[in-house]
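Me: I should like to go through the side-chain contacts and the internal spaces of this protein in order. Please give the reasoning for each point and close on the value or name requested.

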Amino acid sequence: APPSVPPPPELRPVLPLGKSPVLDDGDIRVAETGAIIEYLLDAYDPEGRLRPARGTADGRRFTYWLHYAEGSAMPPLLLKLVFARMPGRAPGLLRPIIKGVAAQAQRTFIDPQLKANADWQEAELAATGWFAGPRFSAADIMMSFPLVAAASRAIDLSAYPNIDRFLETVHARPAWRRALERGGAYAYA
């Protein structure tokens with residue numbers, strides 16, 4: 001198995017943890033995806049095209065889903081990835097034991113959490129097709145990553161038609177296509 005990959009050394013001077021994403025905008029540096037999104041909205045979306053009005057029900061939903069994406073949706077996906085890879089990285093004699101422990105952790109804890117999250121997301125999308133009201137918002141941008149990751153390794157989209165429709169709609173957006181053209185293909189495995 002490949003060794004764990006350390007952060008690129010060029011990121012150490014940017015932030016002590018050497019992690020990304022980091023946004024530099026002139027003399028302003030912002031790290032962490034949710035904080036970056038909030039900064040970009042404050043700096044470049046004064047009309048509120050990508051954020052419902054604060055203090056409204058949709059505004060509160062926006063804040064919830066913006067932070068839920070990394071605070072609640074991503075941890076079980078990361079655990080799924082880690083526990084799926086554990087047996088292949090274990091020393092030969094321990095591999096069967098680690099495989100059993102990893103399978104048990106996935107079956108009894110991780111997979112039920114992923115299902116509960118997907119069920120919740122599916123139900124929330126049923127009302128409008130978006131996470132924070134009747135129109136596309138930055139919360140949908142934040143939620144697109146965990147949902148694509150979940151679809152690639154954790155959930156069967158045939159059981160979640162609203163999530164499937166959401167992903168199809170997001171992937172059809174010209175901005176999504178431009179981002180892929182600029183940033184290149186990526187894999188969630």
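Me: Is Asp42 buried, partly exposed or exposed?
Reply: The model is a predicted one, and the classes rest on relative accessible area. For Asp42 that area is 49%. Buried requires under 20% and exposed requires over 50%, so with 49% the residue Asp42 is partly exposed.

Me: With which residue does Arg51 meet in a salt bridge, at 2.8 Å from N to O?
Reply: Side chains of opposite charge can pair when their charged atoms come close. Arg51 counts as buried, at 13% relative accessibility. Its side chain meets an acidic partner at 2.8 Å, N to O, and that partner is Asp42.

Me: How many residues apart are Arg54 and Asp42, which pair in a salt bridge?
Reply: The side chains of Arg54 and Asp42 meet at 3.3 Å, N to O. Arg54 sits in the loop between helix H1 (33-44) and helix H2 (57-89), whereas Asp42 belongs to helix H1. The pair therefore links distant parts of the chain, and the separation is twelve residues.

Me: Is Arg54 buried or exposed?
Reply: The relative accessible area of Arg54 is 61%. The class of exposed residues begins over 50%, so Arg54 is exposed.

Me: Which helices are linked by the salt bridge between Asp111 and Lys80?
Reply: The side chains of Asp111 and Lys80 meet at 2.8 Å, N to O. The two residues are 31 residues apart and lie in distant parts of the chain. Asp111 is in residues 95-128 and Lys80 in 57-89, which are helix H3 and helix H2.

Me: Which residue of the pair Asp111 and Lys80 counts as buried?
Reply: Asp111 has a relative accessible area of 31% and is partly exposed. For the other partner the value is 14%. Buried means under 20%, so the buried residue is Lys80.

Me: Which residues are joined into one network by salt bridges that share partners?
Reply: The structure holds eight salt bridges. Asp42 meets Arg51 in one of them, and Arg54 in another. With Asp42 as the shared partner, the network joins Asp42, Arg51 and Arg54.

Me: What is the geometry of the aromatic pair formed by Trp65 and Tyr68?
Reply: The structure holds eight aromatic pairs. In this one the rings lie 4.6 Å apart, centre to centre, with 70 degrees between the planes. Both residues are buried, and they are three residues apart in helix H2, which means a separation of about one helical turn. Planes over 60 degrees apart count as edge-to-face, so the pair is edge-to-face.

Me: Which residue forms an edge-to-face pair with Trp130?
Reply: Trp130 is buried, with a relative accessible area of 14%. The ring centres of the pair are 5.2 Å apart, with 80 degrees between the planes. The partner likewise counts as buried, at 14% relative accessibility, and is Phe136.

Me: Which residue lies over the face of Phe136?
Reply: Phe136 belongs to a cluster linked by ring pairs, among whose members are Tyr64, Trp120, Phe131 and Phe166. The face of its ring also has a charged neighbour at 3.6 Å from the ring centre, namely Arg173.

Me: Which element gives the largest share of the lining of the largest cavity?
Reply: The structure holds one cavity of 30 Å³ or more, and about 60 Å³ of space lies in it. Its lining includes Ala73, Leu114, Pro146 and Ile155, and has eight nonpolar, two polar and no charged residues. H2, H3 and helix H4 (138-153) each give two or more residues. The largest share, four residues, comes from H3.

Me: How many charged residues are in the lining of the largest pocket?
Reply: The largest pocket has a volume of about 1500 Å³. It is lined by 42 residues, of which Thr33, Ile141, Met142, Ser144 and Phe145 lie nearest its centre. Strand E1 (22-25), H1, H2, H4 and helix H6 (174-183) each supply at least two residues of that lining. By class, 31 are nonpolar and four polar, and the number of charged residues is seven.

Definitions and conventions. Residues are numbered from 1 along each chain as its sequence is written. Side-chain values use heavy atoms; hydrogens and water are left out. A salt bridge is a side-chain nitrogen of Lys or Arg within 4 Å of a carboxyl oxygen of Asp or Glu. Buried means under 20% relative accessible area, exposed over 50%, partly exposed in between (1.4 Å probe, protein chains only). Rings of Phe, Tyr and Trp (its six-membered ring) pair if their centres lie within 6.5 Å; planes under 30 degrees apart count as stacked, over 60 as edge-to-face and the rest as tilted. A charge sits over a ring if NZ of Lys or CZ of Arg is within 6 Å of the ring centre and within 35 degrees of the ring normal. On a 1 Å grid over the protein atoms alone, a cavity is a set of points where a 1.4 Å probe fits but cannot get out, and a pocket is an open set with protein on both sides within 12 Å along at least five of seven lines; lining residues have an atom within 4 Å of a point. Grid points are joined across faces, edges and corners, and a volume is the space filled by probe spheres set on the points. Ala, Val, Leu, Ile, Met, Phe, Trp, Tyr, Cys and Pro count as nonpolar, Asp, Glu, Lys and Arg as charged, and the others, Gly among them, as polar.
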